[in-house]
Amino acid sequence: EKLYRIDGWGEPYFSINEAGHVTVSPMGDRGGCIDLFELIHDLKQRNLRLPMLLRFSDILADRIERINSTFAKAIARYNYNGVYRGVYPVKVNQQRQLVEELVEFGKPYQFGLEAGSKPELLIALATLKTPGALLICNGYKDLEYIETALLSQRLGQTPIIVLEQLEEVDLVIQAATKLGIDPILGVRAKLSSKGIGRWEDSAGDRAKFGLSMWEILEVVDRLQAAGLLNSLQLLHFHIGSQISSIGVIKDALKEAGQIYVQLVALNANMKYIDVGGGLGVDYDGSKTNFYASKNYSMQNYAYDVVAAIKEACAAKNIPVPTLVSESGRAIASHQSILIFDVLNTSGVPNSPIEPLAEGEHLIIRNLFETLENINVNNYQEVYHDAAQFKEEAVSLFTFGYLSLRERARVERLYWECCDRILKIVRQQNYVPDDLEDLERIMAHTYYCNFSVFQSAPDSWAIDQLFPIMPIHRLNEEPTCRGTLADLTCDSDGKIDRFIDLRDVKSVLELHPFYHGEPYYLALFLGGAYQEILGDLHNLFGDTDAVHIHMTPRGYQVEHVIKGDSMTEVLQYVQYSREGMLENLRRETERALQAKQITLAEARLLLQNYEHSLSGYTYLS
Ligand code: PLP
């Protein structure tokens with residue numbers, strides 16, 4: 001447990017049982033528990049394939065319940081005379097089944113949706129059926145976007161069009177006048193309080209979105225001139241995703257609180273403040289302001305939002321607004337788990353070493369002597385001796401003074417030295433600088449049946465850390481250290497950064513892999529952004545996905561969403577199944593005529609080709 005820090009990041013959903021398997025408690029301590037290893041076994045019986053994405057609907061429901069109850073608690077604690085109306089930013093994970101479930105689970109709280117683009121607005125309109133829930137319309141907008149949002153009022157929706165660019169004001173005035181519909185408008189402010197870390201540029205003077213203070217004044221003037229100042233009701237800001245430090249959030253809230261009261265002073269009809277996203281996820285379980293963690297709880301966050309806005313309004317004696325937040329990561333991350341299997345491993349050679357024979361090359365004799373003398377007192381200098389002998393051996397080989405067999409023997413002896421030195425290093429409290437890299441150099445590569453680019457793109461693109469661990473054999477000591485390589489033929493298709501306490505480690509503790517025995521690994525907390533940012537590098541497509549729902553007697557498999565077939569991914573790049581088959585048929589016919597292939601071979605080739613086209617893009 002300590003190795004993988006599961007009690008830090010996994011609580012209250014993931015833990016380890018007596019069998020040494022990871023378990024999932026989708027309802028936290030309020031409901032049943034599923035053995036993940038047994039679940040995978042069960043799902044494979046139902047013809048689901050690895051890699052596989054598991055979505056736990058009850059975790060999603062729990063996240064929604066949590067964010068609403070933490071705000072309810074904060075509102076009660078501070079006697080806040082207003083309500084919380086959260087929205088889910090669709091961009092975080094647009095999968096239909098997930099958005100539909102989310103809207104359903106959010107009904108009791110009038111939980112709404114946030115659209116960041118026109119297609120997301122279409123999703124929101126097709127899905128949101130909750131009276132009183134908000135539909136926050138963000139992102140770049142054209143006339144059609146604005147008209148569609150306005151017309152949705154006629155269907156009973158509450159769309160709030162958030163102005164992010166000055167040009168949008170004129171479009172809104174034009175559309176509202178044409179349709180005779182009073183818009184509900186917001187402004188997105190460019191705060192000077194910035195987040196820190198990966199998404200810090202979401203705020204500040206150079207931020208891509210939002211209006212500076214003079215632009216907000218211009219919006220007020222233009223709306224007033226059009227007789228629409230009453231429509232301006234919401235202030236929005238977003239200082240970036242995964243804000244690790246609560247101090248940054250507090251600063252932003254203070255600044256936004258002041259903008260809000262100033263807008264009231266300018267006679268805008270202010271009713272809402274939307275604090276955007278940013279609520280972090282504790283990926284490494286350290287509960288610190290390290291970028292993969294956060295130094296506050298969801299409850300602290302809600303307390304700070306409520307307290308800061310109440311304070312700003314109380315100072316000016318004005319009514320408090322409805323509180324809106326657009327938390328995506330904090331709602332969607334936990335519900336999904338990617339399971340993938342190890343296909344093979346490779347590492348430094350470990351075959352038995354033949355004893356030293358008479359007449360062997362001096363360099364081999366030297367390495368034997370080095371190997372025999374390694375101890376706690378000299379391991380650091382011996383490491384350098386061994387490295388030098390290896391370098392010399394390469395030079396000798398290059399000049400023709402060492403045979404291939406001798407060079408291979410030198411390498412085997414060198415790796416044996418490193419292995420013994422590493423065993424000593426691991427027992428020390430302190431790792432000398434020059435040996436820091438040894439762990440990584442000696443690591444095994446675990447070849448895994450998945451694509452980083454499809455299933456964990458942020459790990460590649462922005463070095464995001466996700467908790468990764470085996471889901472079984474956890475009663476057995478993981479005696480190997482490894483990095484993960486995916487199926488793509490891209491040297492970036494690997495994971496060699498893993499969570500550590502407030503740090504990153506370059507190897508993961510793993511078990512020896514035995515051919516013929518399954519070894520399953522899982523990537524947790526990847527439910528936000530990863531699915532939609534994933535791409536088809538090397539044409540590895542969407543994985544199979546299932547929704548698991550808890551029942552009083554166990555669990556139920558709700559939706560089974562089959563991953564992409566080869567035919568589907570090939571269609572994205574404009575290849576048609578029929579065209580490809582026809583092409584191969586013609587080629588085999590030509591080869592048959594030329595007697596280059598037998599009829600049986602031609603039949604087998606065509607059969608395999610056709611079968612592959614219908615098959616999974618991953619290895620079976
Ligand atoms: N709102 C806006 C405007 C965003 O750009 C984002 C994403 O960065 C979010 C909400 C969701 O943020 P998070 O996932 O950090 O909650």
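Trainee: Which residue is the bridge partner of Val24 in β3?
Mentor: Ile34 is the bridge partner of Val24. Keep in mind that this is a predicted model.

Trainee: What makes β2 and β3 a pair?
Mentor: A pair needs at least two bridges between its strands. Strand β2, residues 22–24, is joined to β3 by two bridges. The cut-off is at least two, so β2 and β3 count as paired. The two strands run antiparallel.

Trainee: In what order do the three strands of this open sheet come?
Mentor: The order is β1-β2-β3, with antiparallel pairing.

Trainee: Why do β1 and β3 stand at the edges?
Mentor: Each has a single partner strand, so one side of each is left without a neighbour in the sheet. Strand β1 covers 14–16, and β3 covers 34–35.

Trainee: What is the order of the open sheet of eight strands?
Mentor: Its order is β5-β6-β7-β8-β9-β10-β11-β12, and the pairing is parallel. Here β5 (87–89) and β12 (322–324) are the edge strands; each has a single partner, so one side of each lacks a neighbour in the sheet. On average, neighbouring strands of this sheet are turned by 25° against each other, direction ignored.

Trainee: What makes β11 and β12 a pair?
Mentor: Three bridges link strand β11, residues 272–274, to β12 in the parallel sense. Pairing asks for at least two bridges, so the three here satisfy it.

Trainee: Which residue in β12 stands opposite Ile273?
Mentor: Leu323 does. Ile273 itself has its place in strand β11.

Trainee: Why is Ile273 called buried?
Mentor: Count the other C-beta atoms within 10 Å: there are 28. The cut-off is 20 or more, so Ile273 is buried. Ile273 also appears in an unreviewed UniProt entry, where the annotation "binding site" covers residues including Ile273, Asp274 and Gly277.

Trainee: Which residues are the closest to the ligand?
Mentor: The closest are Ser241, Gly277, Glu326, Gly328 and Arg329, and 16 residues surround the ligand.

Trainee: How do the residues of the shell around the ligand divide?
Mentor: Five are nonpolar, nine polar and two charged. Gly counts as polar in this scheme.

Trainee: Why is β4 called largely enclosed by the rest of the structure?
Mentor: Strand β4 spans residues 52–56, and five of its five residues are buried, so the rest of the structure largely encloses it. Both faces are covered. Met52, Leu54 and Phe56 are buried on one side, Leu53 and Arg55 on the other.

Trainee: Which strand do four bridges join to β4?
Mentor: That is strand β13, residues 336–346, which runs antiparallel to β4. In β13, Met52 has Ile339 as its bridge partner.

Trainee: Which strand do five bridges join to β4?
Mentor: Strand β22, residues 544–551, which runs parallel to β4. Leu54 stands opposite Val546 in β22. Set four bridges and five bridges against the cut-off of at least two: β4 therefore pairs with both β13 and β22.

Trainee: What domains is the protein chain divided into?
Mentor: Domain 1 is 78–332, domain 2 is 362–440 and domain 3 is 568–614. The centres of domain 1 and domain 3, taken over C-alpha atoms, are 54 Å apart.

Trainee: What does the UniProt annotation for residues 566–619 say?
Mentor: The unreviewed entry gives "domain: Arginine decarboxylase C-terminal helical". In the model, that span is 74% helix and 0% strand. Its end C-alpha atoms lie 12 Å apart.

Definitions and conventions:
Residues are numbered from 1 along each chain as its sequence is written. This is a predicted model: local features need pLDDT of at least 70, side-chain atom pairs count only at pLDDT 80 or more; totals for chains, interfaces and linings use all residues. A residue is near a molecule or strand if its C-beta atom, placed from the backbone, lies within 6 Å of it. Domain bounds come from an automatic or database domain assignment. UniProt positions are given in the numbering used here, feature names are shortened, and annotations may be inferred rather than shown by experiment. Axes are lines fitted to C-alpha atoms, for helices over the stretch in contact, and angles run from 0 to 180 degrees between N-to-C directions. A residue is buried if 20 or more other C-beta atoms lie within 10 Å of its own, exposed if 12 or fewer, and partly exposed in between; C-beta atoms are placed from the backbone.
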